[in-house]
Amino acid sequence: MREKLLSLIKNSYAPYSNMHFACIVETESGNLYSGVNVENASFGGTICAERNAINNAISNGERKFKALYLMGDNEDKLCYPCDICKQTFLEFFDSNVIFNIMNTKGEMKVLTFEEVLNTHFVKEDLK
């Protein structure tokens with residue numbers, strides 16, 4: 001999955017934060033759906049990689065999820081989902097979804113649904 005995310009992260013559009021993310025969600029049916037973050041000069045119009053991937057799956061008729069794989073390009077640390085993404089998780093995921101958070105160096109942490117809800121994305125995470 002790491003190689004797929006490394007390839008996908010190149011499609012991220014982040015001219016304002018210069019923070020690039022790629023996400024793949026795996027559904028219970030075994031299908032994979034991807035997304036990248038897409039920023040906008042009107043910051044409220046920005047959409048995160050996680051929500052792009054989930055929306056892609058939903059648009060293709062999927063409703064049951066197994067895992068989420070998220071890669072951020074901050075080589076010094078792992079970056080966790082923002083609270084807007086967490087609200088989307090609460091809408092569409094059940095407590096069995098596994099979160100695989102990684103960086104481009106290959107460092108990875110595997111978290112449960114409850115554990116990811118207790119993480120934070122804060123200004124110190126910005127490069």
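A residue is taken as buried here when its relative accessible area is under 20%. In this predicted model, 46% of the 127 residues of the protein chain meet that cut-off and count as buried. The accessible surface of the protein chain comes to about 6,800 Å², and carbon and sulfur atoms hold 48% of that area.

Turning to the overall fold, the protein chain contains 4 helices and 5 strands, arranged along the sequence in the pattern α-β-β-α-β-α-β-β-α. The chain is as compact as a globular protein of its length, because its radius of gyration of 13 Å is close to the 14 Å that the globule rule gives for 127 residues. Along the principal axes, the C-alpha atoms fill a box of roughly 35 × 30 × 25 Å. Among contacts with a separation of 6 or more, 62% link residues 24 or more positions apart.

Helix α1 offers a handy close-up of burial. This helix spans residues 2-9, and its buried residues are L5, L8 and I9. These three lie on the same side of α1, because they cover an arc of only 95° around the axis. The spacing fits a simple rule: an α-helix has 3.6 residues a turn, so residues three or four places apart point the same way. The cover over the buried residues of α1 includes the strands β1 (21-27) and β2 (32-36), together with β3 (65-72) and β4 (98-103).

As for charge, the protein chain carries 13 positive and 17 negative charges. The mean positions of these two sets are 2 Å apart.

Technical notes
Residues numbered from 1 in each chain as written. Predicted model: local features only at pLDDT ≥ 70, side-chain atom pairs only at ≥ 80, totals over all residues. Heavy atoms only, no water. Buried < 20%, exposed > 50% of the residue type's maximum accessible area, 1.4 Å probe, protein only. Helix = DSSP H or I, 4+ residues; strand = E, 2+ residues; numbered from the N terminus. Arc of directions from axis to C-beta. Contact = heavy atoms within 4.5 Å. Rg over C-alpha atoms; globule rule 2.2 N^0.38 Å. Areas by Shrake-Rupley, 256 points an atom, 1.4 Å probe, with all protein chains shown as cover. Lys, Arg positive; Asp, Glu negative; His and termini not counted. Charge placed at Lys NZ, Arg CZ, Asp CG, Glu CD.
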